[in-house]
Each structure stands twice: as C-alpha cells, then as structure tokens.
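The exercises below are to be worked with the sequence and the model side by side. Each task is followed by a solution in steps.

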Amino acid sequence: LRFSRLLLTGAAGGLGRELRRRLKPYCDTLRLSDIADLGAAGPGEELAPARMEDADAVLEMMRGVDAVVHLGGVSTEQPWEPILQANIVGVYNLYEAARKLGTRRIVFASSNHVTGFYRQDEIVDARMPMKPDGLYGLSKAFGENIATLYWERYGIETVSLRIGSSMPEATTRRMLATWMSYDDLERLVMASLTAPVVRHSVVFGVSDNHTRWYDNRYGDHVGYRPQDNSERFRPAVEAKEPVLDRNDPATVYQGGWFVRTGPFDN
Ligand code: 15L
C-alpha cells in the first residue's frame with residue numbers, strides 16, 4: 001500500500017464511481033467526497049461530503065490526507081454562478097486547505113476544454129497558450145493557474161489532467177481523438193499520484209488513439225503510457241456519422257459542442 005489516506009472528490013460522478021473501486025487497493029483508507037449520494041462506506045472507505053464553496057467544510061474534508069484526486073465540481077458548460085462557486089471558489093478553497101494542512105500533492109481533473117478553441121487539425125501541447133472554449137474551460141484554466149501559483153509559492157505539487165472523453169466507448173468522430181478508457185484513466189491517475197517529482201505538470205488524458213490532437217511531451221516525466229486505442233470503435237462511429245458538417249464549430253474545434261453551448265441567461 002502506498003497511501004495511508006487518499007481523498008477522492010466527486011466520488012459519486014461518472015469517473016468518481018470508477019476510481020472509487022480502482023483506487024481502493026492502493027490505500028489503507030479511501031476518503032470519499034461529493035454533494036451527491038455516495039451510498040454506504042465500504043471496507044476501508046470513509047465518507048466526507050463537502051460543498052466545495054464552503055471553505056470550512058473543505059478544510060475538514062482535507063484534514064489528514066496524503067494526497068487528493070480532485071474530480072469534484074461542475075463538469076459541463078453551465079451558467080456562471082454554479083461554475084464560479086464549485087470550480088473557482090471551490091478550487092481556491094481546496095488549495096488554501098492544502099497550504100494550511102501541508103497536503104503534498106493534488107491530482108486535478110482539468111479538461112480538454114482548457115484548449116477547446118484549437119482546431120481539430122492542430123496539435124496542442126501543454127506549453128501552448130490556453131484557449132478555453134467556454135465558462136467551464138475558463139474555470140479549469142483557473143484551476144491550472146492556481147496549481148502553478150501554489151507550487152511556486154508553497155511547494156504543493158499538482159498534476160493537471162486535461163481529460164478528453166473518459167467513457168465506456170467512443171461514440172462520435174470527435175471521441176475517436178478524445179477518448180480515454182477507464183483502464184487508461186486509472187493508469188494516468190496512478191502515475192500522477194506516484195511520479196517522484198511533478199511540480200505542476202500538465203498531461204492530456206487520452207488513450208493511445210490513432211486520431212491524435214495532443215502532444216504529451218511536456219508531461220512524459222509523469223510516466224503515463226496509455227495502452228488502449230479508440231480504433232475498435234471506428235467502424236460503428238463512421239457508420240453512424242458518415243458525413244460531418246465542416247462549417248459546424250463543433251466539427252471545426254477540439255472542444256466540440258462545448259464551443260457553441262450557451263450563453264446562458266443568468
Ligand atoms: C469534459 O470536460 C466533461 O466533463 C465530459 O463530460 C465530456 O463532455 C468531455 O469534457 C468531452 O469533451 O467529451
């Protein structure tokens with residue numbers, strides 16, 4: 001066992017439910033947080049539900065953990081207020097708690113939407129300027145920037161995972177490039193938790209797909225080596241989407257439909 005106590009936030013969400021069972025073997029105690037129902041604590045689990053915008057609750061949630069896998073917060077394009085609270089105030093509260101408690105490492109679920117306004121015929125690496133494709137991507141850009149600040153000032157390490165589309169199957173043309181299997185997700189999170197030195201590193205979270213938009217050279221030291229490939233879904237995807245509208249922004253840009261979601265009337 002590498003960790004005595006690991007915290008997983010967003011543990012009731014799509015990726016959280018997967019990682020809940022996959023991370024347990026690597027720690028004595030897996031602490032789980034979410035605002036949605038987490039069910040009962042299993043063996044070696046403990047529940048610590050907290051609203052990310054509640055600084056006191058976040059501090060308690062973080063007390064005594066070796067490291068954090070932070071998936072909590074809003075995971076889609078939404079109006080400003082929920083994004084501000086969960087993803088901006090919430091991530092500030094997370095890093096402040098890490099500073100006060102001396103938490104060593106955070107694995108931050110960032111998103112491909114930090115760079116969603118690059119085109120699908122461009123290759124993006126972690127040093128290219130961010131081009132968020134909406135308020136959600138903007139909030140993840142904030143999360144990556146606060147990670148840099150807290151590394152430089154306080155020595156708290158972060159690996160920001162610019163996750164593509166981590167789902168059971170690739171079901172669209174876009175997902176042939178953005179898909180990451182759950183097995184590769186586990187590989188990515190474990191590499192991020194265990195790499196000896198990461199400072200603040202940015203890794204694109206995709207499988208070893210033939211269609212490629214991302215260049216992970218600046219995150220290779222983290223040691224993530226994807227082993228799956230979306231190619232086996234291609235025949236079904238091409239049958240379902242034989243022709244794409246090349247004038248549709250969702251086809252032009254890496255962020256897909258996120259680039260044309262909203263604006264919202266708050
Ligand atoms: C994300 O960041 C979302 O959290 C996820 O639900 C997917 O929509 C994914 O991006 C994607 O771009 O496919």
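The model is predicted.

**Exercise 1. Backbone geometry**

Task: In which segment does Pro263 lie, and what is the geometry of the peptide bond from Gly262 to Pro263?

Solution. Start with the location: Pro263 is placed in the segment after helix H8 (249-252). Next, take omega for the bond that joins Gly262 to Pro263: omega is near 0°. The peptide bond is cis.

Task: Find where Arg199 sits and state the sign of its phi.

Solution. Arg199 belongs to the loop between H6 and strand S10 (200-205). Its phi is positive, about 50°, although Arg199 is not a glycine.

**Exercise 2. The ligand site**

Task: Identify the pocket that holds the ligand and sort the surrounding shell by class.

Solution. The ligand is located in the largest pocket. Around the ligand are Ser75, Ser111, Asn112, His113, Tyr136, Gly164, Ser165, Met167, Arg174, Trp257 and Phe258. Sorting this shell by class gives four nonpolar, six polar and one charged residues.

Task: What distances separate oxygen atoms of the ligand from polar atoms of Ser75, Ser111 and Arg174?

Solution. Begin with the backbone: a polar backbone atom of Ser75 is 2.6 Å from a ligand oxygen. Then turn to side chains. An N or O atom in the side chain of Ser111 is 2.9 Å from an oxygen atom of the ligand, and for a polar side-chain atom of Arg174 the distance to a ligand oxygen is 2.7 Å. As a last step, consider burial: of the 320 Å² of accessible area that the ligand has on its own, the protein covers 83%.

**Exercise 3. Salt bridges**

Task: How many salt bridges does a search of the whole structure find, and which parts of the chain does the pair Glu186 and Arg22 link?

Solution. The search finds 22 salt bridges. One joins the side chains of Glu186 and Arg22, with an N to O distance of 2.8 Å. Glu186 lies in helix H6 (residues 182-194) and Arg22 in helix H1 (residues 14-23). The two residues are 164 residues apart, and the pair links distant parts of the chain.

Methods
Residues numbered from 1 in each chain as written. Predicted model: local features only at pLDDT ≥ 70, side-chain atom pairs only at ≥ 80, totals over all residues. Heavy atoms only, no water. Near = heavy atom within 4 Å. Polar contact = N/O pair within 3.5 Å; in protein donor to acceptor, adjacent residues only side chain to side chain. Areas by Shrake-Rupley, 256 points an atom, 1.4 Å probe, with all protein chains shown as cover. 1 Å grid on protein atoms, 1.4 Å probe; cavity = no way out; pocket = protein on both sides within 12 Å on 5 of 7 lines; lining within 4 Å. Sits in = over half its atoms within 2 Å of the grid points. Nonpolar A, V, L, I, M, F, W, Y, C, P; charged D, E, K, R; others polar. Salt bridge = Lys/Arg side-chain N within 4 Å of Asp/Glu carboxyl O. Helix = DSSP H or I, 4+ residues; strand = E, 2+ residues; numbered from the N terminus.
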